[in-house]
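Student: I have a model open and a few quick questions. Can we go through it together?

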Amino acid sequence: MNLSSIYERLIVLNSEYARCINSDQLEKWPDFFQENCLYKITTAANVKNGFDAGIIYADSKAMLADRINALRNANIYERQRYRHILGLPYVVEDAERECAVQTPFVVIRIMGSGQMELFASGEYRDRVTVLSADELKFAERIVVCDGDRFDTLLAIPL
Amino acid sequence: MNLSSIYERLIVLNSEYARCINSDQLEKWPDFFQENCLYKITTAANVKNGFDAGIIYADSKAMLADRINALRNANIYERQRYRHILGLPYVVEDAERECAVQTPFVVIRIMGSGQMELFASGEYRDRVTVLSADELKFAERIVVCDGDRFDTLLAIPL
Amino acid sequence: MNLSSIYERLIVLNSEYARCINSDQLEKWPDFFQENCLYKITTAANVKNGFDAGIIYADSKAMLADRINALRNANIYERQRYRHILGLPYVVEDAERECAVQTPFVVIRIMGSGQMELFASGEYRDRVTVLSADELKFAERIVVCDGDRFDTLLAIPL
């Protein structure tokens, strides 16, 4: 596909990321990241208070793959579905080889009963490496959630 | 409007589609489709189980127009409003004359009382015909809903 | 950032606007507007009935700045957070120096307890002035809300 700007490529990257998770192709999810990367789920309150730990933390693509394996092998009968809706990327910094980007998201959970609920909202704070005109990877994706209910949040990647 | 890529044109197509429904210009809705087309509303569960029927099914633009006529003539006092929010298109396949595209959506329903609720979420699975640089039409739009509550879902197009 | 079309610039404008509010940089919010501008929050019902007043009304950038000052000085202990998700812009009219644009939005409110709720949905009806290739400002932003519950809506800009 012939894309015309870095902004458009960031939009496409995010649409592919959301689709990977929504269509349950989780094995492909680590491929969005660099070998050495940072993936973290945290909350706005944690960020504000300077807490660095995060709810989920991985610093390599291998750790992300492990996480998916664990998820697949856990005997959880998941009848719920998730739907990620991403907003438009905001480019904080745009250098030749790397962009800093923030993108808002909302995740809806649909229970087996058909009931829908707002599950999570927040923003991605990313550093995206531009490997080539057609290949962008996350060097860093910090998922900053607005709220801090995390009982079942661990079930799927955000 | 001078658009620079097929991706951008797909975004514009979707924004026009959502706006047509949200602004209650339903008579223009069939114009987004080819004369011979497929429009279907179904659920993720149906798709998974190989059920082909769908909740709503139309295979021509004329059938879509009939549907809007029926809706307008039905004596339903609709005080609710709907708000479609579309995510970013994911291009599955991009040929010269046709694209396969998937686009997530969420529909919010606003009751006369002002109460808001999540009404539906899911994804469009489209085949879009590129008639000319400025004219795209749906050859196929399959609306795959995440949930399967459909009591009043029949009221408006998705 | 090298943007390739007016449509893309409108998308970026909206992503910056949403991010300004979501990240609580409200002092920068008036900068999205022309000196002489129109900012109004109203409802779909008001628009339909021809009521012109609106719930909030400002016709200069200075009035918008006043509004933020008032908000900052009010002793409200705001534990809630807001998350704006914007849809894709629909360009109604595209002249050289000004565009008429409509963009759907949803606002989610996250309470201190972590509870999330749909707070508002609707559409922006904008007149955007093209000052230069990289600088767009709102000459007019009419916020038309779908519902009409407005108890606490006055707390933040939409």
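Tutor: We can take confidence, then the contact between two chains, then symmetry and salt bridges.

Tutor: This is a predicted model, where local features need pLDDT of at least 70, side-chain atom pairs count only at pLDDT 80 or more, and totals for chains, interfaces and linings use all residues. Residues are numbered from 1 along each chain as its sequence is written, chains are lettered from A and ligands numbered from 1 in the order in which they are written, and side-chain values use heavy atoms, with hydrogens and water left out.

Student: What ipTM and pTM does the predictor give the complex?

Tutor: The ipTM is 0.80 and the pTM is 0.86.

Student: And what is the mean pLDDT of chain A?

Tutor: It is 86, with 90% of the residues of chain A at 70 or more; pLDDT is the predictor's confidence in each residue, from 0 to 100.

Student: Next, B against C. How many residues are in contact?

Tutor: 23 residues of chain B are in contact with 28 of chain C, contact being heavy atoms within 4.5 Å. The buried area is about 2,100 Å², and carbon and sulfur atoms give 65% of that. Buried area is the accessible area (1.4 Å probe) that two parts lose on being put together, summed over both.

Student: How many salt bridges are there between chain B and chain C?

Tutor: The count is 3, a salt bridge being a side-chain nitrogen of Lys or Arg within 4 Å of a carboxyl oxygen of Asp or Glu. B:Arg83 and C:Asp146 meet in a salt bridge at 2.8 Å, N to O.

Student: Which elements give two or more residues to the side of chain B that touches chain C?

Tutor: In chain B they are helix H1 (6-22), strand S3 (81-86), strand S5 (98-110) and strand S6 (116-132). Helices (H or I, at least four residues) and strands (E, at least two) are DSSP runs, numbered from the N terminus. H1(B) gives the largest share, 6 residues.

Student: Switching topic: what rotation superposes chain B on chain C?

Tutor: One of 120°, with 0.0 Å of shift along its axis and an RMSD of 0.0 Å. That is the relation of a three-fold axis. The fit is by least squares on the C-alpha atoms of residues with pLDDT of at least 70 in both copies.

Student: Back to salt bridges. How many over all chains?

Tutor: The structure holds 36. One pairs the side chains of B:Arg72 and B:Glu27 at 2.8 Å, N to O.

Student: Why does that pair tie together parts of chain B that are apart in sequence?

Tutor: B:Arg72 lies in helix H3 (residues 61-73) and B:Glu27 in the loop between H1 and strand S1 (33-43), so the pair ties together parts 45 residues apart in sequence.
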